[in-house]
Amino acid sequence: MMREELMEILERLRPELEFEKEDKLIDDGILDSFDLVSLIGEINDSFDVEVSFDDIEPENFNSVEAMLALITKLQEEE
Amino acid sequence: MVCNVLDYLEAGVRRHPDKILFADEKHEVTYKECMENARRIGTVIAGMSQGRKPVAVLVDRGVESLVSFMGCIYSGNFYVPISKEIPEKRMEVILKQVSPVCLICQGKDRELAEKLEHKTEICLYEEMALKEPKEELLRGIREGHLDTDPLYAIYTSGSSGTPKGVLVCHRSVIDLVEQFAVCFQLDEHEIFGNQAPFDFDVSVKDIYSTLRNGATLYIVTKKMIMFPKKLIAYLNEKRVTTLIWAVSALAIVADFKGMEKDVPHSLKKIMFSGEVMPVKVLNYWREKLPDAMYVNLYGPTEITCNCTYYIIDRDFGLDETLPIGKAFPNTEVFLLNEKNHLVKDEEVGEICVRGTSLALGYYRNLEATDRAFCQNPMNPDYPELMYRTGDLGRYRNGELYYVTRKDFQIKHMGHRIELGEIEAVLDSLDYISRSCCIYNKEENAIYMFYQAEEACDKRIIKDLQIYLPKYMCPNRYVYLERLPLNKNGKIDRIMLKERYICHGES
């Protein structure tokens, strides 16, 4: 459920990418700052969490798995 | 009198040869090292050209890009920065238009350079930097130099589908950095944190202000800007004092609330340009760093970076707009109406500029040059050029305010984009019958509307990325069986805007 919702957000953001295959979205410069700002905004709204200063690290956005782990962590903290 | 930007570099070498001039994440070069390497590179290039010819430089975020620029200048030629990040097709379009003497790249980018479809000679940075400098040759070049000779050509989006190369001479850049030093009290203690890519003219202010003032420049990577924690730590480590950044980069720090835990303690001066600064973003920075000087800068590449400035001197409410202020000394900025008359106070007119800051024109494009750089209509008596910015402005209480664009050019993520250039690429795709692009400011998003046999967003994006840098690719795609037309048979942009773009405004 969470995965599907995240995939939908990512699809809308960059329809041409196959996100499941990528694990260096940030390190390889695939996502740029515009993408990251939109992505974090959408994650906050859709999952009712607050991605904060300490969470904005490259490791948390390099892959779909990393993003899911971050969202899960944030939801548990709520 | 300073006639060549290299005079600044050499004065720095005399004053403090071992001071760091440019540094990136991995390397640093001192004033002396930069000059020595640049003279070696300059010697090699001078062997290939008589001077005043373009030399393309494949740039990234490393100090080698900057040393290469200096090398081109020593050779008596001008540089044309080309980013490694733009699509190959776009590099080829630029190289074809420029036909440079050679293309400078580093060993690591050789493969990329060789893959390009052009007949330019490739010169490797590492190889050139080992050659012996020929002092006599370099001296002769220098003696023949005029301050009206070109320094660089920077490519910007062009509405007809081909980018335009804005050609700027030494004198204009010298004028710019001299005015900056006076207006913003810059000196050798300045440590610049460079955010702007080197194929983007915002970086001209960093590079030459550093040289003019005998200061130091640290290159801030794109990744750091996306991750404020790393950014703030870096700015503190390097004790950066001055930022001359694109609004979009400062906005990322504010959007991510990047200064909640720590702030860049050494920062004293924060200047921004590229698009309208949202008051919300400015207020965040001012709240965190209340003692810094904030400057709103305005101007297109064609008048050498900036022609007006406004030092923020009061609080701004969210419903207010920042003025773009007043003209730099030695520059005149005035507003003309459609009849080419000066507008009255409070009336809207096109922002026009005259002075030393005017670019020489668009490289190999006389037609576009004549349209934008024309005889000052207020002066019928002797030849005098002015530049039409295409921006509309208005004076209020003695301060100039930016109003909007006259045409379809937009500012998106700090980049100047002609929507017509995107549309020109779309028209070349055979499966699209009609299309148009509209910018929605509130979402910061480029909408693309298209008519085709079926919806094919993914295919379009993939094809666009062959020709255009990512920041030029639309953010929203709307497929329609038929695009609405207005009475004149043109695509009805107003109707599209009202029907499909949430807030209507663009």
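**Exercise 1. Work out which pattern of secondary structure chain A follows along its sequence, and how its compactness can be judged.**

Solution. Begin with the elements: in this predicted model, chain A contains 3 helices and 0 strands, and reading along the sequence gives the pattern α-α-α. Next, take the radius of gyration of chain A, which is 11 Å and close to the 12 Å that the globule rule gives for 78 residues, so chain A is as compact as a globular protein of that length. Then turn to its dimensions, for the C-alpha trace of chain A spans about 35 × 25 × 20 Å along its principal axes. Finally, consider the packing within the chain: 22% of the 78 residues in chain A are buried, and of the contacts in chain A with a separation of 6 or more, 62% are made by residues 24 or more positions apart.

**Exercise 2. Determine how many residues of chain A and of chain B are in contact with the other chain, and describe the side of chain A by class.**

Solution. Taking C-beta atoms within 7 Å as the criterion for a contact, one finds 12 residues of chain A in contact with 19 residues of chain B. The side of chain A that touches chain B is then sorted by class, which yields 8 nonpolar, 1 polar and 3 charged residues.

**Exercise 3. Identify the domains of chain B, and characterise the contact between domain 2 and domain 3 of chain B.**

Solution. The domain assignment divides chain B into domain 1 (1-167), domain 2 (220-407) and domain 3 (409-500). Between domain 2 and domain 3 of chain B, the centres, taken over C-alpha atoms, are separated by 27 Å. At their contact, 8 residues of domain 2 of chain B meet 4 residues of domain 3 of chain B, and the side belonging to domain 2 comprises 2 nonpolar, 3 polar and 3 charged residues.

**Exercise 4. Locate the largest nonpolar core and name the residues with the most contacts inside it.**

Solution. The largest nonpolar core has 146 residues, and those with the most contacts inside it are B:Cys34, B:Val55, B:Val57 and B:Ile104. As to its origin, this core draws at least three residues from each of domain 1 (1-167) and domain 2 (220-407) of chain B. To examine one member, leave out residues up to four places away in sequence: B:Val57 then touches, among others, B:Phe69, B:Cys72, B:Tyr79, B:Ile82 and B:Ile104. Lastly, another core of 21 residues lies apart from the largest one, and includes B:Leu419, B:Tyr447, B:Leu464 and B:Leu468.

Definitions and conventions. Residues numbered from 1 in each chain as written. Chains lettered and ligands numbered in written order. Predicted model: local features only at pLDDT ≥ 70, side-chain atom pairs only at ≥ 80, totals over all residues. Contact = placed C-beta atoms within 7 Å. Nonpolar A, V, L, I, M, F, W, Y, C, P; charged D, E, K, R; others polar. Helix = DSSP H or I, 4+ residues; strand = E, 2+ residues; numbered from the N terminus. Rg over C-alpha atoms; globule rule 2.2 N^0.38 Å. Buried ≥ 20, exposed ≤ 12 C-beta atoms within 10 Å, placed from the backbone. Domains from an automatic or database assignment. Core = buried A, V, L, I, M, F, W, Y, C linked by C-beta atoms within 7 Å.
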